[in-house]
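Here are a few short exercises to help you find your way around. Try each one yourself before you read the solution.

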Amino acid sequence: MIERSELEDILGPRVDEAPLGIVVGGSLSSGLQIKIDPRFSMEKLAVGRYVVIRGRQTSRRFFGIVTDIALDATNPDLVRRPPDLSEDFVLEVYSSEVAIGTLNVSLMLMLDEEQSEPRPVKTIPSHFSPTYEASAQDVECVFGEEDETHFYVGTPLDMEQVQVNIDLARFVERSSGVFGKSGTGKSFITRTVLTGIIKSGLAATLIFDMHNDYGWAVKDETGREFKGLRQLFPDGRVSVVTLDEDTSRARGSKIDRVLKIGYEQIEPEDVEMLSGLLGLSDVQTGALYYLRRTLGPSWIAKLLEIEKADEELQNLIESGRIVAGTLGAIQRKFEFFHRMGFLVPGRGDDAVEDIFLRLSNGTNVVLEFGNYGNTMAAYILVANYLTRRIHGRYVRQKNLASGGKADEPKPLVIVIEEAHKFLDPKIASHTIFGVIARELRKYNVTLLIVDQRPSGIDDEVMSQIGTRVTCLLDNEADIRAVFSGVSGASTLREVLARLDTRQQALILGHAVPMPVVIRTRDYDQSFYAAIGVTDESNLDDRAKMGIDSLYGE
Amino acid sequence: MEEVHAMIGRVTRCSIRGFVGAVRLPEPDLPSFGAFCKAEAQQGHSQVIGLIYDISIEDDEFARQMATAESLSPEQFSDHQYNRQVPVEFSALAIGYQRDDQFHYNLPPQPPLTLAPIRALTPAERMAFTQRLDFIPLILSAPNLPVDDLLTAALRQAAQDRSGGERRRFLLQAGRECARLLDRDLSRLHVVVRGLAE
């Protein structure tokens, strides 16, 4: 007989006291096997659901997630000799004793009687411990309440009354990732999480908005329009910087500045990441550094023949330090710069300093790429260019802060899309993004990578990702990549592979106490209202009321 | 009103595993295969519960001779069948015992003594005894008996005492208990469970 636990006074009475099943085997690493009580319909169970196991030997409660559901038989011959479908009685008898259902449950947390906070699981419940479907109170107890640092991102499957709140402080503390096939709602959930970060003010964000998804209004495939971050926070907490003023204006986007990069501001390191896309060979890439050194800051202008340098180039070839073919190839490939309207001759302006200042003041910056978002090379060039310089400033300020000569820099989250282009195993070790991912929060800069091909990201980088928000992935390599570096998470594969294509995500890692499959929060009027955004028509009404009260009707 | 215990015979041989009873003339329904019966033991302190698994009639010289006769008159026939010299014997398997108004589902501490009266269980007693199905293993473990048929017959009889939904619940519960005990032998299990189906 299992004694009534005092925990019930905390967690409230159970909705249904009958256990779902009992523990019959398994291990901490591979998950527990639960024999389903025949009174429960296994067809109503689903992977991703939570269960609570009451330890038989202690008052501990173990929280687990259903990772697999299986059919089993006490006699293996049953597979070859099933009863006839017309024999109802026989079928009913067999399906409760001989043919049984089992669950595989991956244990996540345990709650001791004397503690109110669940802790990571370090042991397993004993044989025959009763297993229950987790009640709303159980799940609420794990995910806590929404507050300044905990943001509501969705509800567990089949528990619409329960909120899953992610710990934003932990989310920004380490690099994070949002993964999923295209069309599974990555941008929506990213925007939701970013809204939470901006609202909490825990970190500033620099968003490289490749597809113009974050800054201003965005439409889904059905034509419905959703507010961008600049609209959700019209009080100046979000600045929109654009590379393509014309497109941004055409979209009606409110922009705070236009980014122009001077040729003289570009360094070989900025171009090196483009070598794959531009087709620069190793020799040509190596030559860039030599050209920069010998041609000076205006090396690109000289190579593009915007600035006259025939003689200098001729001298280089004659000195034998570079062959004419290599130089010619570089010049041809650099023609790409001509097409990038945001690149201007000369020294450019103080955009980097301006963006850095905005970020250090806690202002979030969305960098809209406009039409340049379709050019991967432009995205990589700009993201790399800005990130290198802003990271450099953060490093400097952090070092000054360590010496007591400056304030601690505001934590920064850099959001990059198509992250596998920056974090490819071949280049991740020496790109700024690889460096940021690996150095964790040392300099208060972390990444939020948004990607549909996590398998293309360097393993070492993936293992440093603290929180993973994963929409549907069905490629085996991608699924494997998402779980790399997460102990015991491989049992969640089935859960991930069976997410719905829309509005469902698996969140695991640093920012949640245990992995959770959520139906993501609706990004609609109710969300805007919860954030505190008033509808524009209401704003007009309020303005009119203000005018009336000032001047009389 | 107290239910009448029908006496169906007296003990002639017995052991811990069961007892054999004899009756001069069987009633139309008693004893019958799979019927629950009880016999007094321990000087009336306990009642051994048995399940009738065999009913036999030994031959005698007179019957053998008469069987060879060309024809028998109705009088001769009745005289031989009803004025019997050799009793009808029935064998019961011990499946539990009752002591101090409590049923116990294991072998009795002592067998009944010879000539102890053997009575059929009343429907109420049957119902009470079969509230628990712990007697099934004792049936299944009996050697050299038609245990599968015996089990089916006994459970069906116990089911008869219940009505409607309760009967079905009882049969399902009994079926599950059999499945739990016989899951290693699907052929046997199938015969038993099919025998329980209404």
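**Exercise 1.** Work out how many residues chain A and chain B each bring to their contact, and what the chain B side is made of.

*Solution.* Keep in mind that this is a predicted model. Start with the counts: chain A puts in 15 residues and chain B puts in 13 residues. Next, look for the elements of chain B that give two or more residues to this side: they are α6 (164–182) and α7 (186–196). Last, sort the chain B side by class, and you get six nonpolar, five charged and two polar residues.

**Exercise 2.** Decide how helices α10 and α13 of chain A are oriented to each other.

*Solution.* First find the pair: α10 spans residues 282–295 and α13 spans residues 324–333. Their axes lie 10 Å apart, at an angle of about 85°. Angles from 65 to 115 degrees count as roughly perpendicular, so that is the word for α10(A) and α13(A). Now see who touches whom: α10(A) offers Val283(A), Gln284(A) and Ala287(A), while α13(A) answers with Thr326(A), Ala329(A) and Ile330(A). By class, this contact has four nonpolar and two polar residues, with no charged ones.

**Exercise 3.** Find the domains of chain A and say how far apart the centres of domain 1 and domain 3 are.

*Solution.* Domain 1 covers 7–143, domain 2 takes 166–260 + 349–522, and domain 3 is 264–339. Over C-alpha atoms, the centres of domain 1 and domain 3 of chain A are 65 Å apart.

**Exercise 4.** Check the confidence along chain A.

*Solution.* Chain A has a mean pLDDT of 83, with 92% of its residues at 70 or more. Then turn to residues 1–15 of chain A, where the pLDDT is below 50.

How values were computed. Residues numbered from 1 in each chain as written. Chains lettered and ligands numbered in written order. Predicted model: local features only at pLDDT ≥ 70, side-chain atom pairs only at ≥ 80, totals over all residues. Domains from an automatic or database assignment. Axes fitted to C-alpha atoms, helices over the stretch in contact; angles between N-to-C directions. Helix = DSSP H or I, 4+ residues; strand = E, 2+ residues; numbered from the N terminus. Parallel < 35°, antiparallel > 145°, perpendicular 65-115°, else oblique. Contact = placed C-beta atoms within 7 Å. Nonpolar A, V, L, I, M, F, W, Y, C, P; charged D, E, K, R; others polar. pLDDT = per-residue confidence, 0-100.
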